[in-house]
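Trainee: I have a model open and would like to learn how to read it. Please take me through some features one at a time.

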Amino acid sequence: MQDDAMSADLDGPDAPTMPKAGLSEILAPDLSVVFCGLNPALSAVRDGHNFSNPSNRFWRVLHLAGFTPRLLRADEERELLQYGCGLTSAVSRPTKSASELKRQDYLSAAPVLENKIRKFAPANLAFLGKAAYAAISVRADVEWGRQPEIFAGAAVWLLPNPSGLNRAFTLTTLTEHYLELRLTL
């Protein structure tokens, strides 16, 4: 683990702040990509690990797209750092469904996200779902894939949300979108 990596087990005056949800952010300097969820699910807060709901396809999609050499479990989330990947959320407030968030929630949280991304300087920031980036960029019509803008020094990608509630995308289609990003790393 790198010295500047964010972790729930760091103590001291220079320890990074934890998101209000109590979930660990998986961040370290100079990662290839930071995956940015919309906000933590209540189940993730309860379990203490990101994307812990068995219906969430995040871990499976990362493996199938080649970001990880094996299928990780949510409780192995810190291993993402070994593969140049990190995790954060656009909004730290947990909800049962991201549909509970409003445009203003994303706009209010944007400065915190921007500071975090500037501090850790990943090459790419991959928003999982369109809502956060559409609000932050003040663009109503955004498409999947690489965006023309840069956010806090990172290239921006929009990837479909792997939530089990998002049935608009099959596992195969999700994997294809994530693979597009991985092939650029």
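**Reading the model**

Mentor: This is a predicted model. Start with a pocket: the second largest one has a volume of about 160 Å³.

Trainee: How is such a space found, and which residues line the second largest pocket?

Mentor: Rolling a probe the size of a water molecule over the atoms shows where empty space is left. Here the lining consists of F51, S52, N53, P54, N56, R57, W59, R60, L71, L72, R73 and A74. By kind, six of these lining residues are nonpolar, three are polar and three are charged.

Trainee: Now the sheet. In what order do the strands lie?

Mentor: The order is β2-β1-β3-β5-β4, in an open sheet of five strands with mixed pairing. β2 (85-89) and β4 (145-151) each have a single partner strand, so these two stand at the edges and one side of each is left without a neighbour in the sheet. From one strand to the next, the twist averages 30°.

Trainee: Which pairings are parallel, and which are antiparallel?

Mentor: Take the pairs in turn. β1 and β3 are parallel, with four bridges between them; in this pair V34 has L125 of β3 as its bridge partner. β3 and β5 are also parallel, over five bridges, and here F127 stands opposite L158 in β5. β4 and β5 (residues 154-159) run antiparallel and are joined by four bridges. One example there is R146, whose bridge partner in β5 is W157.

Trainee: Is β3 buried or exposed?

Mentor: To decide, look at relative accessible area: under 20% is buried, and over 50% is exposed. In β3, five of the five residues are buried, so the strand is largely enclosed by the rest of the structure. N124, A126 and L128 point one way from β3, while L125 and F127 point the other way.

Trainee: What lies across β1, β3 and β5?

Mentor: Helix α5 (residues 171-182) lies across β1 (33-37), β3 (124-128) and β5, and runs at about 165° to β5.

Trainee: Which residues have a positive phi although they are not glycines?

Mentor: Two cases to look at are A121, with a phi of about 50°, and V138, with a phi of about 55°. A121 is in the loop between α3 (103-120) and β3, whereas V138 is in the loop between α4 (131-137) and β4.

Trainee: How accessible are A121 and V138?

Mentor: A121 has a relative accessible area of 37% and is partly exposed. V138, at 58% relative accessibility, counts as exposed.

Conventions
Residues are numbered from 1 along each chain as its sequence is written. This is a predicted model: local features need pLDDT of at least 70, side-chain atom pairs count only at pLDDT 80 or more; totals for chains, interfaces and linings use all residues. Side-chain values use heavy atoms; hydrogens and water are left out. Two strands pair if DSSP finds at least two bridges between them. Axes are lines fitted to C-alpha atoms, for helices over the stretch in contact, and angles run from 0 to 180 degrees between N-to-C directions. Contact means heavy atoms within 4.5 Å. On a 1 Å grid over the protein atoms alone, a cavity is a set of points where a 1.4 Å probe fits but cannot get out, and a pocket is an open set with protein on both sides within 12 Å along at least five of seven lines; lining residues have an atom within 4 Å of a point. Grid points are joined across faces, edges and corners, and a volume is the space filled by probe spheres set on the points. Ala, Val, Leu, Ile, Met, Phe, Trp, Tyr, Cys and Pro count as nonpolar, Asp, Glu, Lys and Arg as charged, and the others, Gly among them, as polar. Buried means under 20% relative accessible area, exposed over 50%, partly exposed in between (1.4 Å probe, protein chains only).
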